[in-house]
Amino acid sequence: MRPILMKGHERPLTFLKYSREGDLLFSCAKDHTPTVWFADDGERLGTYRGHNGAVWCCDVSRDSTRLVTGSADQSVKLWDVQTGTQLYTFNFNSPARSVDFSVGDKLVVITTDPFMGNPSTIQVKRIARDPADQTSDSVLTIKGPQGRINRAVWGPLNKTIISAGEDSIIRIWDAETGNLLKETDKESGHQKTISSLCMSADKSHFLTGSADKSAKLWDSRSLTLLKTYQMDRPVNAVAISPLLDHVVIGGGQEAVNVTMTDRRAGKFEAKFYHKILQDEIGGVKGHFGPINALAFNPDGRSFSSGGEDGYVRLHHFDPEYFSIRM
Amino acid sequence: MAAAALSMPEIENKAMNLGIDLSTIDFDNIVLPPGDDFGINSDDEDILHEEEAPEFETGYGNVIVVDNLPVVSPEKFAKLEGVIRKIYGQTGVIKEGGLWMPVNPDTNMTLGYCFIEFNTAQEAKEAKEKTDGYKLDKSHIFVVDMFDDIDRYMNVPDEWTPAEIKPYEAGDHLQHWLTDEKARDQFVIRAGTVTEIFWNDARQVRPDPVYQRQYWTDSFVQWSPLGTYLATVHRQGAAVWGGKSTFNRIHRFPHNQVKHIDFSPGERFLVTYSSQEPSNPRDTHRVVLNIFDLGTGKLMRDFKGSVDDFTTGGSGGLSGISWPIFKWGGGKEDKYFARIGKNAIYVYETETFILVDKKSYKVDNVVDFSWSPTDSILALFVPELGGGNQPARVSLVQMPGKVELRQKNLFSVSDCKMYWHSNGEYLAVKVDRYTKTKKSTYTGFELFRIKERDIPIEVLELDNKNDKIIAFAWEPKGHRFAVIHGDGPRPDVSFYSMKTGGITARVSKLTTLKAKQANALYWSPAGRFIVLAGLKGFNGQLEFYNVDDLETMATGEHFMCTDIEWDPTGRYVATAVTSVHEMENGFHIWSFNGKLLYRIPKDHFFQFQWRPRPPSLLSPEKEEEISRNLRKYSKKYEAEDQDVSLALSEQDRKKRRALQEEWETWTARWKQYHEEERELRLQLRDGEASDDEGSQEQYEAKEVEAEEVLDVHEEIVD
């Protein structure tokens, strides 16, 4: 089917997130306003105004009532999804890079960038049921990894926190004590900055994408390397299909390396790989800048991509997609 | 590591006996006491020792000794000094106080020699070259030596001892790669700092590694014309490698700062070239050319001079020399080599390494020449002179003897380019002529039939005379040629044959393909097939064309492709993107009919080169017979192909099954965890009942047919 082009952002996209039911799509961009769309027809429902910097990441609660957003304005904000009202603001002294609700939505894990002498941190905040009771106290603060932590997510049963970032090492932390439990070694791990991390629906495994032109699939309990998908371009965004054994990987040449002659030179397609066989299935063209964000609809029948070009492209799969034989 | 060194298990045993835990030792940090290698030879040690003894800076490299000066009394001392200063002041700058003429303290007469110190060693060398043998007068002929050399000469033993005759050692089997059972071809690639050699295993659709080495060469690698050697280029000189099982160094050719190398077509000689920045920016570059015998590694002749001596002819221009300087002639026997000079062509013979007939071949204003690839025939081009009063001229000259076989005068010519057929049968001369207004040019071809009596010449003009010629190429082993011509963004491609019309053969056009995205022609070395390639602006469009049947076999694209090369048998085509671009680096291998077999991406990809093969030993009749009975021979190979492809698909199936099974064990484990943790998860969600994670949700697509009656009315059909 023809993709739906969603033009609502004025700056490059940074993150995409579907609600659990798959009816809403939240998008974050370097302009300051996260936006919510109908995931079916791409109609814009509304924006969340209040941030004063690029918004790097967001997450939505399981009941689709709360949205949490992390921004370069050194704050993480909690929103009412339906009305767009700001419920609470967590302030930090450096930009917030990633946010993720725990199972049960009572906790949120936030990463902050190294900034003005402050090291990067992973912080856990408790989310109160009633916004009036909300405090800004951190339940847990983890410091240690060098450089930016691009993504931190909850492991199975909120027992662990999995982080990845500029030092190209994936780490699993104990979510109670903040102790380092596991980390990837040089041989199996990524060689360059890890740009993205995506959990499977049951949190049993996750996919990471890196500037070393590869994406890797890991077991989230043992941190065993399961698969490697070799690309010919730096990877900015990854997503796992909840329905089929597919993964989608996006990225592109960095702007400095892009020639002006031909759009193909940039390799801005989203590439589909068979999750188990690691073979390329196909590609979806369209963006004219690197892909920064990818997300599958929870029903696995559509996916959306956000690019450096400022567009969100919403793709509903054709029936043939579901009968691809490898 | 040398054979004398311990093997790894031995080392481990020894360490155990001594009670050392090897895993705690960082081998890279161990530094041997200087001067002691404990009997372990490094790979490159012999290079260090054998290579031209490194220049020890004795500090006298810039000093020369001039002998055979007149012996003079103190009265004439100043005058002689003045003369010497005058002579040597021309070649370089003499250091202050750098001229010293010793005097015999008893007689107060000079001793007949002096020392001169220059600013640089290079100036000293030049002074030595220029003035050694200089005649001051009849009885005083200078003998000039480098000061550093004196010691060496002193050490020459007075008595001659016969050179030790080494026992004969059987050489390596240099042509072993030709005996490959699967008749595969090799190629070399250079990416990053690694040089690798592979078999092109098209049946397995992948390259099969043969040998690889890091930092093998300082700049590039090059196969010799018959594929026997691989040459590497280093700061100290060139080296050639080859052999049966792996690549061993066969010879080294010392030549400091070597920049270019060139093999003679018959692999008898190697030419190396270097140029040196002058110390005085007003001077020209100094050029050194060495010609080595490839079989023995001996230096046969060297040429030295300023770059101007080697760039005449005009085509080189300011940019420097046009490589190769020496062009080889006389077919595969490498009988002659020649270079162009001002108003002359210098032809040398390889028997003696001196000029043929001891003098150069004078041709006024000659600007270009080329050898026939098979015979000792030179083709020369002399441009128009005197504003058109003297026509331009192309002539064919037989060597030795310098007999002019054929000559053709051409009028109002702006430029000429010569294309020899690889069999030496034809010569095409592309002639750009001025139109009457002299404002633009048009192009025609003069076609020489070398092997026919009196060498008939035919003139060929394109259907549209004004078309620009973009590319021209002869069919190897054939009688056809292809031309890309046209002005627009999509030029035409035409094919011509030299053999039509019975006994008195005429050139005729076979076909013209209109509006092709092509700007380069690549004939298969076996003829018949050609790749029309659109490089650069066309972004790598490829068309595989069969000229026998005049039909396109396939089209393809290798995006941003920069280089195309057929394998020496004409079975495969390699297309490569080298690191002129940052991106897409790597190469693709295609079958002759345009099927993409495999692609290998490589970052920082510099070079792809097929290993050439020597010409077939089969006679043309025998080849003919084989191609007639091809079906008989091909059966065996087809069966082999089938076996391989069956084995491959079986392998593939097995691999897939293994992957699938492995994955299933993981998912089973995850499912189990998921079930076990269900209760805990419910607690975390405050007992929210539904546990669907999105993925478990079962959608069911049902097709529902609904009928609705919109309207009913009756009509009578007659």
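**View 1. B:Glu452 is partly exposed, at 38% relative accessibility.** This model is predicted. B:Glu452 shares a salt bridge with B:Arg449. The N to O distance is 3.8 Å. Buried or exposed: which word fits B:Arg449? B:Arg449 counts as buried, at 3% relative accessibility. The pair therefore joins a partly exposed B:Glu452 to a buried B:Arg449.

**View 2. B:Glu129 and B:Arg286 meet in a salt bridge within chain B.** Their side chains come to 3.1 Å, N to O. B:Glu129 lies in helix H4, residues 121–131 of chain B. B:Arg286 lies in strand S16, residues 286–293 of chain B. The two parts are 157 residues apart in sequence, so this pair ties them together. B:Glu129 is partly exposed, with a relative accessible area of 42%. Why can such side chains pair? Side chains of opposite charge can do so when their charged atoms come close.

**View 3. Residues 62–149 of chain B carry a record annotation.** The unreviewed UniProt entry gives "domain: RRM" for this span. The span is 34% helix and 31% strand. Its end C-alpha atoms lie 12 Å apart.

**View 4. Chain B has 8 helices and 42 strands.** Chain B has 718 residues, and 41% of them count as buried. Now take the contacts in chain B with a separation of 6 or more. Residues 24 or more positions apart account for 45% of these.

**View 5. Chain B and chain A bury about 3,100 Å² between them.** Carbon and sulfur atoms hold 55% of that area. Which three residues supply the most of the area that chain B buries against chain A? They are B:Met583, B:Trp663 and B:Trp670, with 22%. The contact takes 28 residues from chain B and 39 residues from chain A.

**View 6. The interface of chain B and chain A holds 5 salt bridges.** One cross-chain pair is B:Glu662 with A:Lys227, at 4.0 Å, N to O. The count of residue pairs in polar contact between chain B and chain A is 6. Which elements give two or more residues to the side of chain B that touches chain A? They are helix H7 (630–676) and helix H8 (678–684) of chain B. H7(B) gives the most, with 9 residues. By residue type, this side of chain B divides into 10 nonpolar, 6 polar and 12 charged.

**View 7. A:Lys106 and B:Asp686 form a salt bridge.** Their closest N and O atoms are 3.1 Å apart. Where do the two residues lie? A:Lys106 is in the loop between strand S10 (96–101) and strand S11 (107–112) of chain A. B:Asp686 is in the segment after H8 of chain B, so the pair joins two chains. A:Lys106 is partly exposed, with a relative accessible area of 30%. B:Asp686 is also partly exposed, with a relative accessible area of 46%.

**View 8. Five residues of chain A are linked in a network of salt bridges.** Which residues take part? They are A:Asp232, A:Arg233, A:Glu269, A:Lys271 and A:Glu280. Over all chains, the count comes to 45 salt bridges.

Methods: Residues are numbered from 1 along each chain as its sequence is written. Chains are lettered from A and ligands numbered from 1 in the order in which they are written. This is a predicted model: local features need pLDDT of at least 70, side-chain atom pairs count only at pLDDT 80 or more; totals for chains, interfaces and linings use all residues. Side-chain values use heavy atoms; hydrogens and water are left out. Contact means heavy atoms within 4.5 Å. Buried area is the accessible area (1.4 Å probe) that two parts lose on being put together, summed over both. A polar contact is a pair of N or O atoms within 3.5 Å; within protein, one must be able to donate a hydrogen and the other to accept it, and residues adjacent in sequence count only if both atoms are side-chain atoms. Helices (H or I, at least four residues) and strands (E, at least two) are DSSP runs, numbered from the N terminus. Ala, Val, Leu, Ile, Met, Phe, Trp, Tyr, Cys and Pro count as nonpolar, Asp, Glu, Lys and Arg as charged, and the others, Gly among them, as polar. UniProt positions are given in the numbering used here, feature names are shortened, and annotations may be inferred rather than shown by experiment. Buried means under 20% relative accessible area, exposed over 50%, partly exposed in between (1.4 Å probe, protein chains only).
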